[in-house]
Amino acid sequence: MDNKDDDRPDGSTAGLAGRVDAAPGRRGFTTRPLRVQALVAMTGVAAVTAGAGFFLADNLTNMSGPDVVCDGAVSADEVNDALGWGKVSSTMYGDGKLDTPGASCAAMVSNGIFGNDRFAVIELPKAGDLARFKYDAESQLFAASANGGAAGAVHKSSYGFALLPKDCANGQRATVKSRSSDARKLAGLATAVANRVAAQQGCGGAPLPAPRELTPAGADRPLNRDAVCGLPGLTMPDTPGGPVYQETVTNATDPLWACRIHSDADLRSAITFSIGTDPRLVQPWTLDPGPAFGRAHWVGQHEVMATCQGRPTRFRFEVDGFRDLIGKTTWEQFLTAGAKAIDCEPIL
């Protein structure tokens, strides 16, 4: 069947290619207008793409955020490393200086309209006794001897502390509370804060490295009445018909050793033993209230101090309930067995 539209003057047939080539001319287009329209379209697409890219980057990264937060105590990169990517911001509480004991700051990572905000509360607590470490029996410790001088603990991957470097005032530590990090990252963030606070105070020398070795967390186990808390020589009397007791003990002694005895029958009661083996944990006492046991001296209501290998070391024993487990010689047994466990010279 003939198609008159496809006939050329010479009688040849153009076919489909001929119809396609002729179409722009029939519609009144030229090659240049087509290129202009294509360029405009491409420019619009590029602008939309760039805008979308900036929007995503602004919401998912710290591209337009600050480099440091919390009065310069921590970098945005360190916050991102601990809490994940997003825009970093902070809110100071107190007098605006994190190097002042008692001041605190909340560092936040936000993903904008995508939600998923994460927080870390950073603080430099006031110095105190070993009582504040009673729950560290369940913590993962990182020891100065294995981590280039960095020392501290992480409790259930939600709370961590790092001691300020040596040559800074004892009793200072950086604490970080967060539900958005793992133990190693939380330890690294606490150590980073400790380094920056030390730099602000002009002490400490070279920064401490991020901790690499954390001990396993202490776990509940049945109370061993003949070697309480794993200390041979520390005993507790039997209590026939009484509740079942558990003991939770740290898996290291540096910078702290802690043991907590408790029972599901009375969640508010506990017996705690702790030994502060790093002098940086607490401030040195300023008064000598007199001898306690052997060469140990009282430094608090439930705390004594003795020198171990030339280092001031604190021993704390506190009872909150469970009086039936305590004998008259518990302090003496604890000091004897505890000193032996940390290679301290005899105290009694």
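Over which residues does pLDDT stay under 50, with 6 contacts beyond four places in sequence in the model?

**View 1. Confidence along the chain of this predicted model.** The stretch in question is residues 38-57, where pLDDT stays under 50 and the model has 6 contacts beyond four places in sequence. Taken as a whole, the protein averages a pLDDT of 82, and 79% of the residues score at least 70. Residues 1-30, however, have a pLDDT below 50, and this stretch has 10 contacts in the model beyond near neighbours in sequence. Where pLDDT is low, the predicted coordinates should not be read in detail.

**View 2. The open sheet of 8 strands and its two edges.** Following the sheet from one side to the other, the strands come in the order β10-β11-β12-β13-β17-β16-β15-β14, and their pairing is antiparallel. Strands β10 (220-222) and β14 (291-293) stand at the edges and have a single partner strand each, so one side of each is left without a neighbour in the sheet. From one strand to the next, the twist averages 35°.

**View 3. A strand pair, and the helix that packs on the sheet.** Strand β11, made of residues 246-249, runs antiparallel to strand β12, made of residues 256-263, and 4 bridges join the two. Within this pairing, V249 has C259 of β12 as its bridge partner. Helix α5 (residues 330-341) packs on the sheet, where it touches β12, β13, β14, β15, β16 and β17, and the direction of α5 makes about 140° with that of β17.

**View 4. The two sides of helix α3.** In helix α3, which spans residues 76-83, the buried residues are A76, V79, N80, A82 and L83. They cover an arc of only 165° around the axis, and therefore lie on the same side of α3. An α-helix has 3.6 residues a turn, so residues three or four places apart point the same way. D77 and D81, by contrast, are exposed on the other side of α3. The partners against which the buried residues of α3 pack are the strands β1, β2, β3, β4 and β5, together with helix α4 (183-201). After α3 comes G84, whose phi is positive, near 105°.

**View 5. S110 and its polar contact with D117.** S110 lies in strand β4, and its relative accessible area is 15%, which is under 20%, so S110 counts as buried. The side chain of S110 makes a polar contact with the side chain of D117, at 3.1 Å.

Methods
Residues numbered from 1 in each chain as written. Predicted model: local features only at pLDDT ≥ 70, side-chain atom pairs only at ≥ 80, totals over all residues. Heavy atoms only, no water. Pairing = 2+ DSSP bridges. Helix = DSSP H or I, 4+ residues; strand = E, 2+ residues; numbered from the N terminus. Axes fitted to C-alpha atoms, helices over the stretch in contact; angles between N-to-C directions. Contact = heavy atoms within 4.5 Å. Buried < 20%, exposed > 50% of the residue type's maximum accessible area, 1.4 Å probe, protein only. Arc of directions from axis to C-beta. pLDDT = per-residue confidence, 0-100. Polar contact = N/O pair within 3.5 Å; in protein donor to acceptor, adjacent residues only side chain to side chain.
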